[in-house]
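Good morning, colleagues. I would like to take a few minutes to walk through one structure with you. Please look at the sequence and the view on the screen as I speak.

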Amino acid sequence: MLFWFIATVITAIACAALFYAAGRRAVNLSDPDLDDANSHFRLVLAGIDTDLAAGKLGEAEAQAARGELAREILRLKAEAGRVAGNSLDFGRPALLAGLGGIAVLALGLYGLLGSPNTPSQPLAGRAEVAAQSIDLDAAITRIEAQLTANPDDLRGWTVIAPAYLELRRYADAARAYRRIIELSAPTPDLQTSLAEALMLDAGDAGSPEAMALLREAAAADPAHALSRLYIAAELTRAEQYAEAAQAWQAALALSEGDEPWLAAAQQGLAVAQNGGVAPANDAEAEMIGQMVSGLAERLAAGGGSVEEWTQLVRAYLVLGDADSAQGAYDDAVAAYPQAFDRGELDTLALGAGLTLNGAQP
Amino acid sequence: MSIELGHFALILAFAIAVVSTVGGYTFWRSGQRIALVLSQGAVLQFVLVAVAFAALIQAFIASDFSLLLAASNSHSLKPLIFKISGVWGNHEGSMVLWIFILVAFGAMVAAFGRRLPGDLLALVLATQSLLTAAFAGFTLFTSNPFARLIPAPIEGNDLNPVLQDIGLAIHPPLLYAGYVGFSICFSFAIAALISGRIDQAWARWVRPWAMLSWTFLTLGIAMGSYWAYYELGWGGWWFWDPVENASFMPWLAGTALLHSALVMEKRNALKIWTIFLSIITFSLSLLGTFLVRSGILTSVHTFASDPTRGLVILALLALVIGGAFFLFAMRASTLRQGGLFAPVSREGALIINNLFLATAVGAVLVGTLYPLLLDALVGTSISVGAPFFNLTFGALMAPLLLVLPFGPLLAWKRADVVGAAQRLIGAAALAIFCTILISALGGVSISLAPLGLLLGFWVAFGAFAELVERSRIGRMPLGESIRRLVGLPRTVWSTALAHFGMGVTVLGIVATTAWETELVTTLNPGETAELSGYTIDFDSFGQQPGPNYMADEARFTITAPGGSTRQTLADRRTYVATGMPTTEAAIETYGFSQLYLQLGEPLNDTHVVRIWHKPYITLIWFGAILMALAGVISLTDRRVRVGAPRRAAKLASEPA
């Protein structure tokens, strides 16, 4: 409602300004047309004298210019007399119709396009932002202080343990999970979480304690998939591929077919069965090969954009075929001799150790 | 509520513009009274659009993402200056900027135009209102900047990183001021054609507007060129990109318009030329808007492709340009011939100037539109590249530059070429001497470069011939000469400076094109490259977070041939919100030359670095700034001011 009030007031002010402009009589401008034209012609006349003095006009030409000016003035005076009687003024009805038109058009159009009831929402004033800006570090410090005072607060440890993991403070996370297990009872989930924290803390070194915890969890619950996945992954990392394959199969046996970890587990099994190397997918490799050779043939036959050449060179590099990549790069340079055109291609090729015009920079 | 009030202000301005158009064209014959109403209307439009524009800026600064435009183009972490400039870094906002400048010029006409005849002023303001109504209508109905987004997202999409630069705060407003300023000349032309008032006084009113717009356009194009040069990271300063051409064509036509209007004002000749150029210049501005805003062209300027918008702009274009040429065709036959002149005269020289510039516009227009038309009609995609433009445009400009110094020395009506040539002997000798000197020092090679240099020096030195002539330096005591020099009308100085600036730009183009050197190499920190006597040490490489991006920074030490060293920094930035990368080249200026370093993608523990040495490249933009300065000087000449003819008359009648 407030908006419509303000909008109406603004419209009224604008219309009033126009109304009074129409009512103002041009008292000080008795005959502005003639006045201004005269001053203009005086200027031109003075200009002729100036140009004559500066040698920009010859004597005869200056005379001719004055003649032309005189004729122009006579012509304009005659014309002004003719036009004067041909005046069409607008009356008050026309003016009011115009002002009414403005008001109707503006308010109506806004009603159509605008959303008067939608408030502004500057970021600083929004509740979500206030909620988001709670400082995680400050919250943790507060909980830590509470836990120092009361180390048996199970709920405090339960809140802080995943937060530590989130902040990558793995040693602290492990300490928190240990405390939770002490205060409650060891469950497979808690043991797996503790093992996760221990393994992350140990990095690539591996953790026998974590492994023991995971095996304990798996033994306690025959349907616990997460602990089995961690066991399989840890065995794969430790390059015990035969045992790893068994572990992956054990985890996969628990699958119902729609788990998010399914693809990763299948890949892990394939890696373990293949002795630690990801097996190449023959059909896929063949398809890539066909696409690359197709692109190469097309570019060799009819040329192409610099982006297509870049794609070809990159494909050869990915396939590990440096000679073909160099050949394609040479052809591309021949097709686009200006370095300016080749931006990304040069970056790719030179970065991969290819040579430009036979010389490595 | 400020957003909605801004929205309403824009709609009210649109409504006032619509009614002003209808009222103005209906009642223009009533003269002074309708002119007063329309003047008030023009001021109101300006105030209202300013309010709308301010509301948008306020929403961007406050990161109010309930405004769709802010959500799509802003980000709460963006530095303040880019929050503000981001308002027009998109299609909708840039249209509001366009309209804002349009109504600002309209309000200026209303403010300074009190001495204009009432019917002419009414028609000018009605035509301005027509343009405002057309563009505001287009903006409101097809690309409303005030569209809301509920529920509002918590964060915006950020602005195209290439546009997050001080250039966006400067280039579009300047360029638009140039583009849109020519709308005043257009409106004056339409008013003249409708009222039949096509006389010398008309040219006097139009010329300051043409000069002002031309000055803005010159600066806008130069700024755009320099921005592309340092931001896009290719080291090129002009690409003959269709969008650049779109701004360059109005400049060429506007340059011709300036010269024509001068003749019309002083000698009452070249009327058809002046009217025609007034229409064509603004039409080319509109064409540029169409090309850029319709999404026909894909470039950094194309914010969104929407076929509807393209069609609407095309319809507007057809209406405005078609209507103007229809009027022109109706009236052209009744135009009276004014001052008579011999073929060899100042007037004749300016016709040659117009012919060359108009032909150049034609060449650029063909090169720009031909591929688009071919693509639209036949479906074949071709690209008309720099070679076409360099050849055609260069071939047209060389003869024009060759005769340029003669122009200001020729007398009106009937001139003496031999006499003018005699007065240019000094400039010619100086140009030849400088060219030979530079060629000798730099080693002679068979190329066009020395000829280009000769042309540049000829234009630059020739520009001063008139000053030398009129101050009689060498033929009078020095004090007397200086007194004469100071007493010369500012337009004489302005002409000399503008033509000198042209010569300077030519010199910069020739030197850069002929002697630029380039090196693409891979470097690791600690390694060194060399180019044109400069030694570049790659000192270190590291990562540095910015306010809304992560930067890979490479630090270099450059040792100049003279032995001085400078530290510099080249960046590759990846913007958080969009993931888009930009390169920030390291540019070091030595005298008028620049060394340009660009950091490529890091690959296999090494970095591709591109290094250019660009001799005298800054002269290109320096020349443009001199030209714009000449425009400003000319505007300060009392004689062009509409409001002060009496005092000017007194000044002009003093002996020169």
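I shall begin with chain A, move on to its contact with chain B, and then turn to individual residues.

Please keep in mind throughout that this is a predicted model.

Let me start with chain A. Its secondary structure consists of 17 helices and zero strands. Of the 361 residues in chain A, 36% are buried. How much area does chain A expose? The figure is about 20,100 Å², and carbon and sulfur atoms supply 58% of it. As for the contacts in chain A with a separation of 6 or more, 45% of them are between residues 24 or more positions apart.

I now come to the contact between the two chains. How many residues does each chain bring to it? Chain A gives 79 residues and chain B gives 87 residues. Together, chain A and chain B bury about 7,300 Å² between them, and 62% of that area lies on carbon and sulfur atoms.

The polar side of this contact can also be counted. Between chain A and chain B there are five salt bridges. One of the pairs that bridge the chains is R414(B) with E61(A), whose closest N and O atoms are 3.0 Å apart. In addition, 15 residue pairs are in polar contact between chain A and chain B, with both residues at pLDDT 80 or more.

Which elements of chain A give two or more residues to the side that touches chain B? They are α1 (2-23), α2 (32-54), α3 (59-84), α4 (92-113), α5 (127-132) and α17 (343-351) of chain A. The largest share, 14 residues, comes from α2(A). Sorted by class, the side of chain A that touches chain B has 43 nonpolar, 17 polar and 19 charged residues.

Next, salt bridges in the structure as a whole. Over all chains, the structure holds 26 salt bridges. Within chain B, R470(B) pairs with E466(B), with the closest N and O atoms 3.5 Å apart. Both R470(B) and E466(B) belong to helix α17 (residues 465-471) of chain B, where they stand four residues apart, about one turn of the helix. Are these two residues buried or exposed? R470(B) has a relative accessible area of 13% and therefore counts as buried. E466(B), at 7% relative accessibility, is buried as well.

A second pair in chain B is R484(B) and E480(B), whose side chains meet in a salt bridge at 3.5 Å, N to O. R484(B) and E480(B) are separated by about one helical turn, because they are four residues apart in helix α18 (residues 478-487) of chain B. E480(B) is partly exposed, with a relative accessible area of 28%.

Salt bridges that share partners also join E144(A), R169(A), D172(A) and R175(A) into one network. Inside this network, the side chains of R169(A) and D172(A) meet at 3.0 Å, N to O. R169(A) has a relative accessibility of 32%, so R169(A) counts as partly exposed.

One arginine of chain B deserves a separate word. R572(B) sits in strand β5 (residues 565-575) of chain B. With a relative accessible area of 16%, R572(B) is buried. Which residues does R572(B) contact, leaving aside its neighbours within four places in sequence? Among them are M550(B), A551(B), D552(B), P581(B), L599(B) and E601(B).

Finally, I turn to the backbone of chain B. Most residues other than glycine have a negative phi, and most peptide bonds are trans. Against that background, three places may be pointed out.

The peptide bond from I150(B) to P151(B) is cis, with omega near 0 degrees. P151(B) lies in the loop between α6 (118-142) and α7 (166-195) of chain B.

D158(B) is also placed in the loop between α6 and α7 of chain B. The phi of D158(B) is positive, near 70 degrees, in a residue other than glycine. D158(B) has a relative accessible area of 4% and is therefore buried.

N268(B) is found in the loop between α9 (242-267) and α10 (271-293) of chain B. Although N268(B) is not a glycine, its phi is positive, at about 60 degrees. At 6% relative accessibility, N268(B) counts as buried.

Thank you for your attention.

Note on methods:
Residues are numbered from 1 along each chain as its sequence is written. Chains are lettered from A and ligands numbered from 1 in the order in which they are written. Side-chain values use heavy atoms; hydrogens and water are left out. Contact means heavy atoms within 4.5 Å. Buried area is the accessible area (1.4 Å probe) that two parts lose on being put together, summed over both. A salt bridge is a side-chain nitrogen of Lys or Arg within 4 Å of a carboxyl oxygen of Asp or Glu. A polar contact is a pair of N or O atoms within 3.5 Å; within protein, one must be able to donate a hydrogen and the other to accept it, and residues adjacent in sequence count only if both atoms are side-chain atoms. Ala, Val, Leu, Ile, Met, Phe, Trp, Tyr, Cys and Pro count as nonpolar, Asp, Glu, Lys and Arg as charged, and the others, Gly among them, as polar. Buried means under 20% relative accessible area, exposed over 50%, partly exposed in between (1.4 Å probe, protein chains only). Accessible areas come from the Shrake-Rupley method with a 1.4 Å probe; for residues, only the protein chains shown count as cover.
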